[in-house]
Amino acid sequence: MTEVSEPALTIDALGKKCPIPIIMLAEQINHVPLDGVVAVLADDPAAYNDVPAWCRLKSHKHVGSYELPGGGWSIHVRRNY
Amino acid sequence: MAYFDAASTEPLHPQARDALLTAIDAGWADPARLYGQARRAHLLLEQARAEVAEALGARSDEVSFTPSGTQAVHLGVLGTLHGRRRAGRHLVVGAVEHSSVLHAAELHEREGGTVETVGVNLQGRVDAAAFAEAVARPGAALACLQSANHEVGTLQPVAEAAAACREHGVPLLVDAAQTAGRMPVPEGWSVLTASAHKWGGPAGVGVLAVRKGTRFRSFLPEDERERRRVPGFENVPAIFAAAAALRASLAEAAEEQARLSALVDRVRRRVPELVPDVEVIGDPRERAPHIVTFSCLYVDGEALLTELDKAGFAVSSGSSCTASTLRPSHVLEAMGVLTHGNIRVSLPRGAAEADVDRFLAVLPGLVHRIRQDAGVA
């Protein structure tokens, strides 16, 4: 497994307040194949914290969070099941 | 209306109300003067000081009253750092301390001091080994640790922290705001802070206790009041009422806090059974008796607070949308738990079992409706 996999799907939740980025992630995680990576683009500080917490609760893998040049983060989640 | 926000403020205890009314008539004069009315005010003030000291495990001359718990923390942190500035300028704090501690730490840092923040586990409990390492550093001047967390109720490892502080000669400030009047004050503090309105006293009374032998020097302009630790004319009636509330709360504490703790256990157990996709956070056993916090996935915390308010429940939330700032609670962030859909239930003295059951009965429907509106459920 490589450190940074190319996301199979990017969800643009920039400008959206929590819990909307998490709702979008939950709706769309099954749109990628098993072991596929979803990138959530978000700039609500709550999403930076809540996406990894969602992964822990839902047994998916938080791969990493990378700062975006224009502010916010690309938060990568690997579908586990 | 069921009031479940005791961690913000406890309703005034009836005995505090009586004491307040008495002392407004009898204790209005300047306690520092030498005539009859002044001597009476002085007597009430010193009686309150002796009672509060005894209840908190301090000596009378160690206790000063402040205009708030927040100010007790500010004075305690900055006054101890000022008193120990020759020993060093390194301040150690837990990551989930009350904002008053963290804001005092920020001020210390802006003025050239250093601050080390010790992290917590998923339950919100400070890492005792990391805390001990931090106070062992050269130049450690003060360490701060709360007795219990104000947002999730988790008790902190004060005994371990105190042992490490003692070993390295570093004073420990214990912020007992959430437990004073409910549980015994943990031993080993050098500086102790508390807030009367959290135990059923009136607002406007904080406690700052400084152990004999702890170096302390106020950073504020000189004033002879309160052992030179707190400037300004004491609010004698409120202080007298605060002492009455503490006495009354402690007399009831063993029985009443056990009753509240059983209700908290019920909420902790039932909420995940009744509501899907919910996480109850904080330590299930090592916790303050009155606080339970949970987060509902996919739910806007403010919407849930509003619905609960309409249904007759006063609770609070650490979700970002409910605060004045755009940042979520630093406590939930440090724990790494969900910050959205967060609800804190904190039970005051006398909270009715029937109200707790009614809360459990209405909560699932409200969460379901909010999720449905968001297109989730």
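Two strands pair if DSSP finds at least two bridges between them. Helices (H or I, at least four residues) and strands (E, at least two) are DSSP runs, numbered from the N terminus. With that in hand, welcome to the tour!

Some ground rules come before the clicking. This is a predicted model, in which local features need pLDDT of at least 70 and side-chain atom pairs count only at pLDDT 80 or more, while totals for chains, interfaces and linings use all residues. Residues are numbered from 1 along each chain as its sequence is written, chains are lettered from A and ligands numbered from 1 in the order in which they are written, and side-chain values use heavy atoms, with hydrogens and water left out.

**Stop 1: the sheet in chain B**

Select the strands of chain B and look for an open sheet of seven, in the order β2-β8-β7-β6-β5-β3-β4, with mixed pairing. At its edges are β2 (63–66) and β4 (114–118) of chain B, each pairing on one side only. From one strand to the next, the twist averages 20 degrees (axes are lines fitted to C-alpha atoms, for helices over the stretch in contact, and angles run from 0 to 180 degrees between N-to-C directions).

Now pick out β2(B). Four antiparallel bridges link β2(B) to strand β8 (residues 206–210) of chain B, and B:Phe65 stands opposite B:Val207 there. Which residues of β2(B) are buried on its two sides? B:Val63 and B:Phe65 are on one side, B:Ser64 and B:Thr66 on the other. Buried means under 20% relative accessible area, exposed over 50%, and partly exposed in between (1.4 Å probe, protein chains only).

Next, show β3 (residues 90–94) and β5 (residues 140–146) of chain B, which run parallel and are joined by four bridges. B:His90 faces B:Ala140 in β5(B).

**Stop 2: helices on the sheet**

Add helix α4 (residues 99–110) of chain B, which touches β3, β4 and β5 of chain B and makes about 155 degrees with β3(B). Helix α5 (residues 128–135) of chain B lies across β3, β4, β5 and β6 (172–175) of chain B.

**Stop 3: the inside**

Zoom in on B:Thr193 in strand β7 (residues 191–195) of chain B. Is B:Thr193 buried or exposed? B:Thr193 is buried, because its relative accessible area is 1%. Among its contacts (heavy atoms within 4.5 Å) beyond four places in sequence are B:Ala72, B:Val174 and B:Leu208.

A nonpolar core is a set of buried Ala, Val, Leu, Ile, Met, Phe, Trp, Tyr and Cys residues joined through side-chain atoms within 4.5 Å. The largest has 58 residues, and B:Phe131, B:Leu172 and B:Trp199 have the most contacts inside it. Helix α7 (residues 236–274) of chain B gives the most to this core, with 10 residues.

**Stop 4: two domains**

Colour chain B by domain: domain 1 (14–248) and domain 2 (253–373), with bounds from an automatic or database domain assignment. Their centres, taken over C-alpha atoms, are 28 Å apart. Contacts join 24 residues of domain 1 of chain B to 25 residues of domain 2 of chain B.

**Stop 5: where the chains meet**

Finally, show chain A too. How many residues does each chain bring to the contact? Chain B brings 21 and chain A brings 17. About 1,400 Å² is buried between them (the accessible area, with a 1.4 Å probe, that two parts lose on being put together, summed over both). Select B:Tyr298, B:Leu338 and B:His340 to end: they supply 33% of the area that chain B buries against chain A.
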